[in-house]
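Mentor: Pull up the model and rotate it a bit. We'll go through it with short questions, each one answered from the coordinates.

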Amino acid sequence: MAKSAARRGKLWTTPAVQALRAAKDVDVAELDAAGTPGFRGDKVAGAALLAEREPRLSALQEKLYANGRSGDHRAVLLVLQGMDTAGKGGIVRHVIGAVDPQGVDHASFGVPTEEEKQHHYLWRIRNALPRAGRIGVFDRSHYEDVLVVRVHNLVPPDVWEPRYDEINAFEKEVVDAGTAIVKVALVISKDEQHDRLRERLERPDKYWKYNPGDVDERGFWPDYQQAYQAMLDRTNTAHAPWFLLPADRKWFARLAVTELLIHTLESMDLDWPPPNFDVETELRRLG
Ligand code: AMP
Ligand code: MG
């Protein structure tokens, strides 16, 4: 334990929660997508550390779940945004794989269905918020309504423009109700996206991930960068901060998200819930 703590201390020169926190004046186009901010280990060291940290995440998640079962209303929501192939799915698989799936409320958001279109854009989001004691994972989110929607003018500017403030207010409400929000923007380089899309076209086991529309979206790269920049400028709040995660290296993205979740759960000061029965009496009854 002491040894691994020392190793960890050496590998993270700055805690992930600080190193990845989006700065107020951040320029998303300037970010090095292949970087590993705050971390000075390589892939092998990162993978080893991840294996070591997963049990910690799992133990904390069990405590959150136990508290949820005992009437605590708190929860955690991990919001994942990123361009196609940025690795959102891999993070979901990884996070859910590291903890008890019972304790995870997962939701992914695609093009709104006919039913969803009949409602306010936050309707489907509210319906998918994590239940008490759960870690919610959003693969895409309400931010699509200021990203793809903005890039393609799916609604006019006077409709999407007020959404930034509306989203901030919505998230405040969620946080005040006891759900900690961790927002992660996965940033890949255009070159890395090219390679990942190409791989999807070269490997039969990856065809299912390929969508011809991804190449169309790729053509809007600068517009997406602008939309991501606006999202960061306008919704990077103290109550629901953005973390900017370089995602060209999958091992780093997974390690970093694990650390962010561990940090969030540790900040909740979770304890095992007290018994709602008399232990002595029950021991006597059991014999
Ligand atoms: P995927 O995550 O690969 O399953 O793709 C989902 C697609 O749904 C992406 O192209 C998103 O941009 C799109 N999408 C998600 N939310 C919205 C939205 N509110 N309006 C329009 N398109 C959306
Ligand atoms: Mg896709």
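**Loops, sheet and helix packing**

Trainee: Leaving out residues up to four places away in sequence, which residues does Y210 touch?

Mentor: Ground rules: this is a predicted model, where local features need pLDDT of at least 70 and side-chain atom pairs count only at pLDDT 80 or more, while totals for chains, interfaces and linings use all residues. Residues are numbered from 1 along each chain as its sequence is written, chains are lettered from A and ligands numbered from 1 in the order in which they are written, and side-chain values use heavy atoms, with hydrogens and water left out. Y210 sits in the loop between α10 (190-202) and α11 (212-218); helices here are DSSP runs of H or I with at least four residues, strands are runs of E with at least two, and both are numbered from the N terminus. Taking contact as heavy atoms within 4.5 Å, Y210 touches L197, R200, L201 and V215.

Trainee: Is Y210 buried, partly exposed or exposed?

Mentor: The cut-offs are under 20% relative accessible area for buried and over 50% for exposed, with partly exposed in between (1.4 Å probe, protein chains only). Y210 has a relative accessibility of 21%, so it counts as partly exposed.

Trainee: On to the sheet, then. In what order do its 5 strands lie?

Mentor: Two strands pair if DSSP finds at least two bridges between them. Here the pairing is parallel and the sheet is open. The order is β2-β3-β1-β4-β5.

Trainee: Which strands stand at the edges?

Mentor: Look for strands with a single partner, because one side of each is then left without a neighbour in the sheet. That picks out β2 (104-108) and β5 (242-246).

Trainee: By how much are neighbouring strands of this sheet turned against each other on average, direction ignored?

Mentor: Axes are lines fitted to C-alpha atoms, for helices over the stretch in contact, and angles run from 0 to 180 degrees between N-to-C directions. With direction ignored, the average turn between neighbours is 20°.

Trainee: How many residues of β1 are buried?

Mentor: A75, L77, V79 and Q81 point one way and V76, L78, L80 and G82 the other way, yet all are buried. On its flanks, β1 runs parallel to β4 over 8 bridges and to β3 (135-139) over 5 bridges. The count of buried residues in β1 is 8 of 8.

Trainee: What is the bridge partner of L80 in β4?

Mentor: Strand β4 covers residues 179-187 and also has 5 bridges to β5. There, a β4 residue, V184, has F243 as its bridge partner. In β4, the partner of L80 is V184.

Trainee: At about what angle does α12 run to β5?

Mentor: Helix α12 spans residues 221-235. It lies across β1 (75-82), β4 and β5, and its angle to β5 is about 145°.

Trainee: Which helix does α4 pass in a right-handed crossing?

Mentor: A crossing is right-handed if the near helix is turned clockwise from the far one by less than a right angle, and left-handed if anticlockwise. Helix α4 (88-98) packs at about 50° with axes 10 Å apart against α13 (250-267). That makes the pair oblique (under 35 degrees is roughly parallel, over 145 roughly antiparallel, 65 to 115 roughly perpendicular and the rest oblique). The helix passed in that right-handed crossing is α13.

Trainee: How do the residues of that α4 and α13 contact divide by type?

Mentor: G90, I91, H94 and V95 in α4 meet A253, R254, V257, T258 and L261 in α13. Ala, Val, Leu, Ile, Met, Phe, Trp, Tyr, Cys and Pro count as nonpolar, Asp, Glu, Lys and Arg as charged, and the others, Gly among them, as polar. The split is 5 nonpolar, 3 polar and 1 charged.

Trainee: What is the relative accessible area of E171?

Mentor: E171 lies in helix α9 (163-176). Its contacts beyond four places in sequence are H142, Y143, I181, K183, H239 and A240. E171 is buried, and its relative accessible area is 1%.

Trainee: Last one: near what value is the phi of D269?

Mentor: Most residues other than glycine have a negative phi. D269, in the loop between α13 and α14 (279-286), is exposed at 65% relative accessibility. Its phi is positive, near 50°.
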